[in-house]
Each structure stands twice: as C-alpha cells, then as structure tokens.
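Colleague: Got a minute to walk me through this one? I'd like the fold, then a few side chains.

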Amino acid sequence: MDSGAAKQQRVEILLIEDNPDDVSLTLGALKKGKVSNKVHVLKDGAEALDFIFGQGAYAHRREGEHVQLILLDLNLPKI
C-alpha cells in the first residue's frame, strides 16, 4: 500500500460560542477527555459563516479545508 494513500486526515473542531465561560468549560472538557484536535473558537453566527465559506477574515482558508465537527450554541448573536 502506498504510504500517501494511507495518509490520515486531520480532524478539526469548530466551537461557536459567545459565552467565554462556556468556551472555557468546553475546552476544559475536551482537554480532560484528552482530545488533542485543533479547535477553532468563534463568537457568533456571522463569523462562523465566514469561517465555513472562507470569506472575510477567513478568506485565506484553502478551499476544501473543512472542519469535521461543529459544536454550536443555538442562541448565537447576529445569525
């Protein structure tokens, strides 16, 4: 088997939460659970959409670079 074919994908997590206490709690729980994945923390729905679609401040993100897990506060400001 070609080693390139066996290359594992890096799983990234997107945490969308406007409450700093909830962000700390979530990151603490992930750390306690020994989750070492990269976690991107965003504060509102508008910022999250920019991140996901690679727009605005996140225009530098490569197309096809997607997070695999989104943890979402359902009562976000803006969107």
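Modeller: Sure, we can start with the overall layout and then go residue by residue. Bear in mind that this is a predicted model.

Colleague: What order do the elements come in along the chain?

Modeller: From the N terminus on, they run β-α-β-α-β. That gives 2 helices and 3 strands.

Colleague: And in what order do the strands sit in the sheet?

Modeller: The order is β2-β1-β3, in an open sheet with parallel pairing. At the edges are β2 (38-42) and β3 (69-72), each of which pairs on one side only. From one strand to the next, the twist averages 20°.

Colleague: Where does helix α1 go?

Modeller: Helix α1, residues 20-32, packs on the sheet and touches β1, β2 and β3. The direction of α1 makes about 175° with that of β2.

Colleague: At what angle to β2 does helix α2 run?

Modeller: At about 135°. Helix α2 covers residues 45-53 and lies across β1, β2 and β3.

Colleague: Back to the strands. How many bridges join β1 to β2?

Modeller: There are 5, with β1 spanning residues 12-16 and the two strands running parallel. Among the pairs, Glu12 has Lys38 as its bridge partner in β2, and Ile13 has Val39.

Colleague: Why call β1 largely enclosed?

Modeller: Because 5 of the 5 residues of β1 are buried, the rest of the structure largely encloses that strand. Both faces are covered, with Glu12, Leu14 and Ile16 buried on one side and Ile13 and Leu15 buried on the other.

Colleague: What's behind that every-other-residue pattern?

Modeller: In a regular strand, side chains alternate between the two faces of the sheet.

Colleague: How much of the chain is buried?

Modeller: Buried residues make up 24% of the 79 residues. As for contacts with a separation of 6 or more, 73% are between residues 24 or more positions apart.

Colleague: Switching to side chains. Where is Asp44, and is it buried or exposed?

Modeller: Asp44 is in the loop between β2 and α2. It counts as buried, because its relative accessibility is 10% and the cut-off is under 20%.

Colleague: Which backbone nitrogens does the Asp44 side chain reach?

Modeller: That of Ala46 at 3.1 Å, and that of Glu47 at 2.7 Å. Not counting residues up to four places away in sequence, Asp44 also touches Ile16, Leu76, Pro77 and Lys78.

Colleague: OK, now Asp73. What is the nearest side chain of opposite charge?

Modeller: Lys43, 12 Å away. Asp73 is buried yet has no salt bridge.

Colleague: What does the Asp73 side chain have for polar company, then?

Modeller: A polar atom of that side chain lies 2.9 Å from the backbone nitrogen of Asn75. Asp73 itself is found in the segment after β3. Leaving aside neighbours within four places in sequence, Asp73 is in contact with Ile16, Glu17 and Asp18. So Ile16 turns up as a contact of Asp73 as well as of Asp44.

Colleague: Last one: where is Asn19, and how accessible?

Modeller: Asn19 lies in the loop between β1 and α1. It is partly exposed, with a relative accessible area of 30%.

Colleague: How far is Asn19 from Lys43?

Modeller: They are 24 residues apart in sequence and 7.8 Å apart in space, C-alpha to C-alpha.

Definitions and conventions: Residues are numbered from 1 along each chain as its sequence is written. This is a predicted model: local features need pLDDT of at least 70, side-chain atom pairs count only at pLDDT 80 or more; totals for chains, interfaces and linings use all residues. Side-chain values use heavy atoms; hydrogens and water are left out. Two strands pair if DSSP finds at least two bridges between them. Helices (H or I, at least four residues) and strands (E, at least two) are DSSP runs, numbered from the N terminus. Axes are lines fitted to C-alpha atoms, for helices over the stretch in contact, and angles run from 0 to 180 degrees between N-to-C directions. Contact means heavy atoms within 4.5 Å. Buried means under 20% relative accessible area, exposed over 50%, partly exposed in between (1.4 Å probe, protein chains only). Lys and Arg count as positive and Asp and Glu as negative; His and the chain ends are not counted. A salt bridge is a side-chain nitrogen of Lys or Arg within 4 Å of a carboxyl oxygen of Asp or Glu. A polar contact is a pair of N or O atoms within 3.5 Å; within protein, one must be able to donate a hydrogen and the other to accept it, and residues adjacent in sequence count only if both atoms are side-chain atoms.
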